Amino acid sequence: MAMKAKATVFLFLCFLRLNTSLFRKHYYVKENMTWSKAQQYCRKNHDDLSTTSSVELNRLSANPKVVSDFYWIGLQRDAQSPTLWRWSGGETATNIMWDAGQPDTLHEQCAAVLKSNSKVHDSPCFLSVPFYCMEDFELILVQQENTWEEALEYCRQKYVDLAGLTSGVIMAQAKDKSTPALTDDVWIGLRFIAGYWFWVNGNNVVYKAWSEEDEPQCPAMDQRCGVYDRKKEVWKPADCERRLNFLCVKKSKSTPNESSN
């Protein structure tokens, strides 16, 4: 049986200003593996072993799927300077949330997180425990003028999905990415069906940036798709048949099938 088929994956989403990524998804894999095997698995099926912040560690440890005492993240000692630590992608690690007395042994060259307190321990790399993989995503503007449905289909064929602006961080990125748009409004993945607004990627609308104080509770039949108003930096309901530029979500490391222009 293939390795991926044996692993149970739990999705966790974080929002970052790290490198060029807009946000990062963490996938919990409950299969026990050594650090190097976990790295191979993550690079094959996702992007890499997870790079995390201290805040993220608390959230990752709170995942009810994590039942083991420890889990791997993508942190290991620098091969040339063993007192330094690097992430699996090569970045120097700073502000590591070490547990008391850690790290304590130079020959323990990988880092595992203790679930009970979300603190990091140096550990022997041959330890076999579950782990977190990650994937990085970002927004991309498509300078085509499509209806909402056409934009949704395009994003899902060429990238991942229409953009969900689910945090202030992503809203700031939407402002930046949509600057060269050819239309004042751009489509986002916001839709009203069966009495409520939702993101087409499955997320609930928790963070809100409507142009009015409250979201439109019962919009007209021709006002049930969401746009991002570039000038006012807010969301608005709009006619789904309008032809607008749009924002897609793409994997940071992927190459689209064609240019966005």
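Is the disulfide link of C110 and C125 right-handed or left-handed? The link is right-handed, with 100 degrees about the S-S bond. This is a predicted model. The protein chain has five helices and 14 strands, and 49% of its 261 residues are buried. The topics below are the overall fold, the disulfides, the nonpolar cores, a hairpin and one loop residue.

**Overall fold**

- The secondary structure of the protein chain consists of five helices and 14 strands.
- Of the contacts between residues at least 6 apart in sequence, 71% join residues at least 24 apart.
- The chain exposes about 12,900 Å², and carbon and sulfur atoms supply 49% of that area.

**Disulfides**

- The count of disulfides comes to four. With bonded cysteines counted along the chain, the pattern is 1-4, 2-3, 5-8, 6-7.
- C42 and C133 form a disulfide with their sulfur atoms 2.0 Å apart. The torsion about this S-S bond is about -75 degrees, so the disulfide is left-handed. Because C42 lies in helix α2 and C133 in strand β8, the pair ties together parts that are 91 residues apart in sequence. Both C42 and C133 are buried.
- C110 and C125 form a disulfide, also with a distance of 2.0 Å between their sulfur atoms. C110 is in strand β6 and C125 is in the loop between β7 (119–123) and β8, so this pair ties together parts that are 15 residues apart in sequence. The two ends differ in exposure: C110 has 1% relative accessibility and counts as buried, whereas C125 has a relative accessible area of 27% and is partly exposed.
- C155 and C248 form a disulfide, with sulfur atoms 2.0 Å apart. The link is left-handed, with -75 degrees about the S-S bond. It joins distant parts of the chain, from C155 in helix α4 (residues 148–158) to C248 in strand β14, 93 residues apart. C155 is buried, with a relative accessible area of 0%, and C248 counts as buried at 0% relative accessibility.
- C218 is exposed, because its relative accessible area of 67% is over the 50% limit.

**Nonpolar cores**

- In soluble globular proteins, nonpolar side chains tend to be buried together.
- The largest nonpolar core has 37 residues, and those touching the most other members are W72, F131, L165, I188, L190, Y228 and W235.
- Elements giving two or more residues to this core include β2 (23–33), α2 (35–45), β6 (110–114) and β8 (129–146). Also among them are α5 (168–177), β10 (185–193), β11 and β14 (244–251). Strand β8 gives the most, with six residues.
- Domain 1 (24–134) and domain 2 (136–251) both give residues to this core, so the core lies between them.
- Which residues does Y228 contact, leaving aside its neighbours within four places in sequence? They are L165, M171, A174, K175, S178, D184, D185, V186, I188, E233, V234 and W235.
- A second, separate core has 18 residues, including I140, W187, C240 and L244.

**The β10–β11 hairpin**

- Strands β10 and β11 run antiparallel and are joined by four bridges. One of the pairings is between I193 and its bridge partner in β11, Y196.
- The two strands form a hairpin with two residues between them. In the turn, A194 has a positive phi of about 55 degrees.
- Side chains alternate along β11: W197 and W199 point to one face and are buried. Y196 and F198 point to the other face and are not buried.

**Loop residue D222**

- D222 is in the loop between β11 (196–199) and β12 (225–229).
- D222 is partly exposed because its relative accessibility of 41% falls between the 20% and 50% limits.
- Leaving aside neighbours within four places in sequence, D222 is in contact with A238, D239 and C240. One of these, D239, is 17 residues from D222 in sequence, with a C-alpha to C-alpha distance of 4.7 Å.

Note on methods
Residues are numbered from 1 along each chain as its sequence is written. This is a predicted model: local features need pLDDT of at least 70, side-chain atom pairs count only at pLDDT 80 or more; totals for chains, interfaces and linings use all residues. Side-chain values use heavy atoms; hydrogens and water are left out. Buried means under 20% relative accessible area, exposed over 50%, partly exposed in between (1.4 Å probe, protein chains only). Contact means heavy atoms within 4.5 Å. Accessible areas come from the Shrake-Rupley method with a 1.4 Å probe; for residues, only the protein chains shown count as cover. A nonpolar core is a set of buried Ala, Val, Leu, Ile, Met, Phe, Trp, Tyr and Cys residues joined through side-chain atoms within 4.5 Å. Domain bounds come from an automatic or database domain assignment. Two strands pair if DSSP finds at least two bridges between them. A disulfide is a pair of cysteine sulfur atoms within 2.5 Å.
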